[in-house]
Every structure is written in C-alpha cells, then in structure tokens.
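Q: Please take a close look at one buried spot in this model and at what lies around it. Start from a single side chain and work outward.

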Amino acid sequence: MSKTKRGFPYPAGVIDVGAHSTRLDLFEVAAGGKVTLLETLARSVNLGYDVFRHGSVSPENLATLGSVMADFSRKLAEYRVRSCRVAATSAIREAFNRELVINRVRTVSNLTLDILESQEETRIAFLAMRETLRKRLPFDSLSGICLVVGTGSLLVSWFEGGLMRFSEEVPIGTSRLEDAFGRSSFSIEQVMETLRSQDIRQRLHESVGLDSGRPVTLIAMGASVRMLAGRCTDGSPEVGEDEVVELSREAIERAVNSAVATEPGALALEYKVTEPAACGIAACAGILGYFLEEFDCRNFICPGTTTRIALIRDFVRRGGASDSFP
C-alpha cells in the first residue's frame, strides 16, 4: 500500500471481490471526505460455489475473475484513477489457492488484491455501521450484538459504550446453510441447532461477561437482512443505503417466521428475487431467529450500510491510502 499526495477533488475506486459477485465503485473524494459516486459496475463471479464446496477457486472462475479485473482496470484508467482499494472477503480468504488468485489478478490487471482477514472486515463494517447509526440514534448508549450476514460467513461482534468489545467469524453463511439443509425448505430449529454448536453464547460470556437477563440490542447488516427489514416497514425491496430501520422484536420475528416457513418459489415471488436469492433470505431469517431467541434481544436495528459503503469510508478515513498503478 502506498499513500500518494493529491489535491481535492480526486477520483478513486474500490473493488469488492465477494463470494458471488465482484463490484467496482468509482467515486470522487472532495475536501472534508465528501464522497460522490460516479459509476458502479458489477459482474457475477461465483467464487463461493468453488471455495465453500471444494476449497479452491476453479480454473474457470479464476479465468472469469481475471477477465473482470482486467475490464475494471481499464475502467479505472478511463476515469484517470491513480489509486484503488481492491478487497476480497470470505471466499478468497478461505481458498487454498489464494496466492494463485492474487498473482493472477496482479498479472492481468496490475492491481493488488488485499484479502481482508475476518477481524479487519469486522472492524471496517463496525466503523461504517457506527457512523451511520450515530446520526440517527443514541448508539453509544446501546449494548448488544452486531451481525454481518454474508453468503459464506457470519461476523459476530459485541458493542458497548460505542466500542466493539468482541468479534469473531463463524463459518456459517446463507449459502452454506442452503448446502447443509437443501433449497427446498429448512426450519429455524435446524439453523438454531447449527449455531448452538458454535458455542457463541459461551464465548460471549467468557469475553464480555454476557449473562441471561442483560438487555441486548440486535443490529444486523447484509443484503438479505435489508430485504427482510424492508418488508417489515413499507414493503420496500430493501432498506436503502442512507436508511436505518428500527423494529420491535415481535415485528422482525413475524418476518423471520414467515420467510422460513414459505416455500422458496413463493418467497421469490413475494420478494421479487430469484429462487437462490430467496433461499438466502430464508437462511438469513433462520440466523436472525437464533440470535433473537438465544439472547432474548429486546429490539432490532438494520442500517442500510453495505460492504461497498464500509470500504469507501475506510478508504477516505485512511486518506486514500491504496494500491497505486500507472
């Protein structure tokens, strides 16, 4: 990583290499850290299918990713972007051939793929979430659990007094739950049993002294979470990036129970998504159901914060420190 001196405003970019898609966001950074989004490009690259089932990125998907990254590099040059943050999360993080992936990306695009370890991904997500919530509610007076629900992993943290006191990655994501129980249907009980086997409550007790009866706020982020929360309000497709939805436990539980009990095809029609995406919503609902019940959560908050937003804010926070290229 290198930090270059530049005047304001300047163009910048962030590439998010996720488990099922790779996305480029081009934006302009003005004085004071104000960000204006210029263009967004997204390409489907199903890295998670390879890694979560077989442990490595396949030659076919490696070639696809290389082609996408070469295209993105040309787009960066078109905008005269001098630096870009390129980050990969759970899929590449767990791949046995991650070094091969990094080398291929560098060779075809002259970009360095930065693999976010789980602690760093959790930190970036937490800071972006905190920034969003502090504008809307007294976040520093709350304590509870924050989840980042992904397709390949679940990031769990405990926050109190405005600070993150504990964090851990659980190797359970919406796609992995689909694989474990099938796409036709599965119950909240199955998901709960899977999560209980991870001893999350015990680890929170040992780390932050969490005992029964302590008031807990549940905050959750992720695409499927935003869709579930959106349906609880005005029927929106999902919670918008600048929005914060606060729900009672009863309201989110109704959405959770409905999503898990609904057949995938019907759920896809209800949410206006593909059937695989609907299965992800049902799996996410099961995860939320576990935390609501296991920790007797009093209320639920869904900020519209996305991985893209978190990465852009981290880029600006670091003063544009990123990969530089010709």
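A: Start with Lys-75. Leaving out residues up to four places away in sequence, Lys-75 touches Leu-24, Leu-26, Glu-39 and Leu-41. This is a predicted model. Lys-75 sits in helix H2, which runs over residues 59-78. Its relative accessible area is 17%. The cut-off for buried is under 20%, so Lys-75 counts as buried.

Now look at those partners. Leu-24 and Leu-26 fall in strand E2 (21-29). Glu-39 and Leu-41 fall in strand E3 (35-44). Both strands also help cover the buried residues of helix H13. Strand E1 (10-17), strand E4 (83-88) and helix H5 (118-134) are part of that cover too.

Turn to H13 itself, residues 307-317. Eight of its eleven residues are buried, so the helix is largely enclosed by the rest of the structure. The buried residues are Arg-308, Ile-309, Ala-310, Leu-311, Ile-312, Arg-313, Asp-314 and Phe-315. Just after the helix, Gly-319 takes a positive phi of about 75°.

H13 also borders open space. The second largest pocket holds about 460 Å³. It is lined by 17 residues, and those closest to its centre are Val-35, Glu-131, Asp-242, Ile-309 and Arg-313. E3, H5 and H13 each give two or more residues to this lining. H13 gives the most, with six residues. Ile-309 and Arg-313 are buried, yet both are among the residues closest to the pocket centre. In an α-helix, residues three or four places apart point the same way, because there are 3.6 residues a turn. The pocket lining divides into nine charged, five nonpolar and three polar residues.

H5 leads on to another space. Along with strand E6 (143-149) and strand E7 (154-160), H5 supplies at least two residues to the lining of the second largest cavity. This cavity holds about 30 Å³. Its lining includes Thr-122, Ala-125, Phe-126, Cys-146 and Met-221. Seven of the lining residues are nonpolar, two are polar and none is charged. The whole structure has two cavities of 30 Å³ or more.

Last comes the largest pocket, with about 1,400 Å³ of space. Its lining has 45 residues, and Ala-19, His-20, Ser-21, Thr-151 and Ala-223 lie nearest its centre. By class, 19 are polar, 15 nonpolar and eleven charged. Ser-21 brings us back to strand E2, the strand that also holds Leu-24 and Leu-26, two of the partners of Lys-75.

How values were computed
Residues numbered from 1 in each chain as written. Predicted model: local features only at pLDDT ≥ 70, side-chain atom pairs only at ≥ 80, totals over all residues. Heavy atoms only, no water. Buried < 20%, exposed > 50% of the residue type's maximum accessible area, 1.4 Å probe, protein only. Helix = DSSP H or I, 4+ residues; strand = E, 2+ residues; numbered from the N terminus. Contact = heavy atoms within 4.5 Å. 1 Å grid on protein atoms, 1.4 Å probe; cavity = no way out; pocket = protein on both sides within 12 Å on 5 of 7 lines; lining within 4 Å. Points joined across faces, edges and corners; volume = space filled by probe spheres on them. Nonpolar A, V, L, I, M, F, W, Y, C, P; charged D, E, K, R; others polar.
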